[in-house]
Amino acid sequence: MGVEREKDVMRASTIAACLLVASTTLQAAELKISKESFGGTWPLLVDSGTLSCVVDVGSGAELVTFVHPTGTYALNGAASSRAKQRGWFPVHTIWRPNPDIPGTRMPISTLIAPGLKLCQR
């Protein structure tokens, strides 16, 4: 009887842990985007991908990412601070350098702003 009780407790603990992990994020929306369709100076070294916003349920933080076949890249600060635990890459690996100002990169706010709007949907 003690062994069966332990198995029941383990099953319940496993289910609770799965529910906790599943409830920490909510996929808000996605938008396919490309250099061609962007209508401005494209700030990335890759030509296309999917802009995404994920809401962290625990904190309410809006995590803006760019999804490409090579991986998911954290675009805003909130996403960057959680990138390692979620397996996301830092955006600087695909962020285009600014040819007009050596040592800087193209403005990425042009992707972050529409990404944050996705969370409002």
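Here are some numbered notes on how the strands, helices and core of this predicted model fit together.

1. Let's start with strand β3, residues 62–68. Of its 7 residues, 5 are buried, so the rest of the structure largely encloses this strand. Its neighbour β2, residues 48–56, is mostly covered as well, with 7 of 9 residues buried.

2. Now the pairing on the β2 side. β2 and β3 run antiparallel, and 6 bridges hold the pairing. If you want to check the register by eye, S52 sits opposite T65 of β3, and V55 sits opposite E62 of β3. The two strands make a hairpin with 5 residues in between. In that turn, take a look at G60, which has a positive phi of about 80 degrees.

3. On to the β4 side. Strand β4 covers residues 71–74 and is antiparallel to β3, with 4 bridges between them. Here the connection is a hairpin through 2 residues, and H68 stands opposite G71 of β4. So much for the strands; a general reminder for anyone scrolling through them is that side chains in a regular strand alternate between the two faces of the sheet.

4. Helix α3, residues 77–86, has A79, R82 and A83 as its buried residues. Looking down the axis of α3, these buried residues fall within an arc of 150 degrees, so they line one face of the helix. As background, an α-helix has 3.6 residues a turn, so residues three or four places apart point the same way. What do the buried residues of α3 pack against? They pack against β2, β3 and β4. Turned away from the buried side is a face carrying the exposed residues G77, S81, K84 and Q85. After α3 comes G87, another spot to inspect, with a positive phi near 80 degrees.

5. Next, the nonpolar core. The largest one has 19 residues, and L44, F66, L75 and L111 have the most contacts inside it. At least two residues of this core come from each of β1 (25–34), β2, β3 and α4 (109–119). α4 gives the largest share, 4 residues. Apart from this core there is another one, of 7 residues, including V54, A61, L63 and A74. In general terms, nonpolar side chains tend to be buried together in soluble globular proteins.

6. L111 deserves a closer look. Which residues does L111 contact, leaving aside its neighbours within four places in sequence? The list is I33, F38, W42, P43, L44, L51, V64 and L75.

7. The aromatics come next. There are 3 aromatic pairs in the structure. In one of them, F38 and W42 have ring centres 5.2 Å apart and planes at 75 degrees; beyond 60 degrees counts as edge-to-face, so that is what this pair is. F38 and W42 are both buried. In another, the ring centres of W42 and F66 are 6.3 Å apart with planes at 65 degrees, so this pair is edge-to-face too. W42 is in the loop between α2 (35–38) and β2, while F66 is in strand β3, so the pair ties together parts 24 residues apart in sequence. W42 and F66 are both buried. Through these ring pairs, F38, W42 and F66 are linked into a cluster.

8. Finally, a polar detail at S34, a residue of strand β1. Is S34 buried or exposed? It counts as buried because its relative accessibility is 19%, and the cut-off for that is under 20%. The side chains of S34 and S37 share a polar contact of 3.1 Å. Setting aside neighbours within four places in sequence, S34 is also in contact with W42, D47 and S48. W42 therefore turns up again here: besides touching S34, this residue belongs to the ring cluster with F38 and F66 and is on the contact list of L111.

Conventions:
Residues are numbered from 1 along each chain as its sequence is written. This is a predicted model: local features need pLDDT of at least 70, side-chain atom pairs count only at pLDDT 80 or more; totals for chains, interfaces and linings use all residues. Side-chain values use heavy atoms; hydrogens and water are left out. Buried means under 20% relative accessible area, exposed over 50%, partly exposed in between (1.4 Å probe, protein chains only). Two strands pair if DSSP finds at least two bridges between them. A nonpolar core is a set of buried Ala, Val, Leu, Ile, Met, Phe, Trp, Tyr and Cys residues joined through side-chain atoms within 4.5 Å. Contact means heavy atoms within 4.5 Å. The arc is that of the directions from the helix axis to the C-beta atoms. Rings of Phe, Tyr and Trp (its six-membered ring) pair if their centres lie within 6.5 Å; planes under 30 degrees apart count as stacked, over 60 as edge-to-face and the rest as tilted. A polar contact is a pair of N or O atoms within 3.5 Å; within protein, one must be able to donate a hydrogen and the other to accept it, and residues adjacent in sequence count only if both atoms are side-chain atoms.
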